[in-house]
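Colleague: Please take a close look at one helix pair for me. Then add a word on the main pocket.

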Amino acid sequence: MSVSSADDEAVLQFPILIGDIGGTNARFAIVVDANSEPGETRIVQTASFASIDEAIQQAVLDHTSLRPRSAVLAVAGPVDGDEIRLTNCPWVVRPKAMFDTLGLHDVVVLNDFEAQALAVVALGEEHMEKIGPGEPEENAGRVVLGPGTGLGVAGLIHASHKWIPVPGEGGHMDIGPRTARDREIFPHLEAIEGRISGEQILCGRGLVNAYRAVAKADGKEPRFTTPAEITAAALEKSDAVAVEAVEFFVTSLGRTAGDLALVFMSRGGVYLTGGIAQKIVPALKAGNFRAAFEDKAPHTALLRDMPVYVITHPLAALNGLAAFARTPSRFGVETAGRRWQA
């Protein structure tokens, strides 16, 4: 086994298996050649399979005569070493073992939000919903964040005629109260070792956490236990606690998005991705999000000019991976330590 660097001229051999592996769901497809769109997408629940190898074999390879020679996988967690553990899923990705178990010859493993960042330039505007004012500057920095099973964050910069994704664990940054009402809610949020990070509010379980905290702050008994129930009740305005919890969620998302926009100076736009963002577009357009996003004195005017989009394509990350698989020269993806070849 050898590990390649970004300077290697060798490209991935087709067919290429692409996979977007999150904490709850994994999505797979095969790209046949450089001119092909991804084939049929197979979506599985990670809890239904003991390992990623088993999922790929049973959900993908057992249903096609195509035998991928390469794989580009995006995983929800930091990519470090030959055994890659996902943050919110018990699967462990072992690229070297895949040579024997799946017959692969070349495996590249990226962070899942690198794939989301690649999707920002792979997808057209028809797959995006604009939230508020601002127009993107061509080739300017961009940032993508997505509340899902966790909170994913990545940057995207343009340099040397390439789009370069910047992965990280920005979802675990501290987040704190700003208003008097916040200070009533925050003591009731479930913390991790004394910390309230973005992921304690801005993800599925975070929304439930926020809902319970709002209820406790008002001495009420929470009625709902799932993000879907809370979101539905808020959008229908049938439960006051759910309405405030989603407003709190949206405001917190706006604050975090604004912080990240400043970090990456994202004049090319801020992109919200994932199922939660898609489901709450009406709440995001209601005004709280943009107000919190722009409330960054002394840089309010700067934020006001930055556009925000919700990516509405249901398979955005897979499209980002497919774009990289077809034309790796378009992207400055560093593969040193993250590419394994038989």
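**A helix pair and a pocket**

Modeller: The axes of α5 (residues 204-217) and α7 (residues 240-264) come within 9 Å and cross at roughly 125°. This is a predicted model: local features need pLDDT of at least 70, side-chain atom pairs need 80 or more, and totals for chains, interfaces and linings use all residues. Numbering runs from 1 along each chain as its sequence is written, and side-chain values use heavy atoms, without hydrogens or water. Helices are DSSP runs of H or I, at least four residues, numbered from the N terminus. Axes are lines fitted to C-alpha atoms over the stretch in contact, with angles from 0 to 180 degrees between N-to-C directions.

The two helices, α5 and α7, are therefore oblique (neither under 35, nor over 145, nor 65 to 115 degrees). The crossing is right-handed (near helix turned clockwise from the far one by less than a right angle). From α5 come L207, A210, Y211, V214 and A215. They meet V241, A242, E244, A245, V246, F248 and F249 of α7 (heavy atoms within 4.5 Å). Eleven of these contact residues are nonpolar, none polar and one charged (Asp, Glu, Lys and Arg count as charged; Ala, Val, Leu, Ile, Met, Phe, Trp, Tyr, Cys and Pro as nonpolar; the others as polar).

Now the pocket. The largest one has a volume of about 980 Å³ (an open set of 1 Å grid points, with protein on both sides within 12 Å along at least five of seven lines, for a 1.4 Å probe; volume is the space filled by probe spheres on joined points). Its lining has 44 residues (an atom within 4 Å of a point). Closest to the centre are P147, G148, T149, G274 and G275. The lining divides into 13 nonpolar, 25 polar and six charged residues. Helix α8 gives the largest share, four residues.
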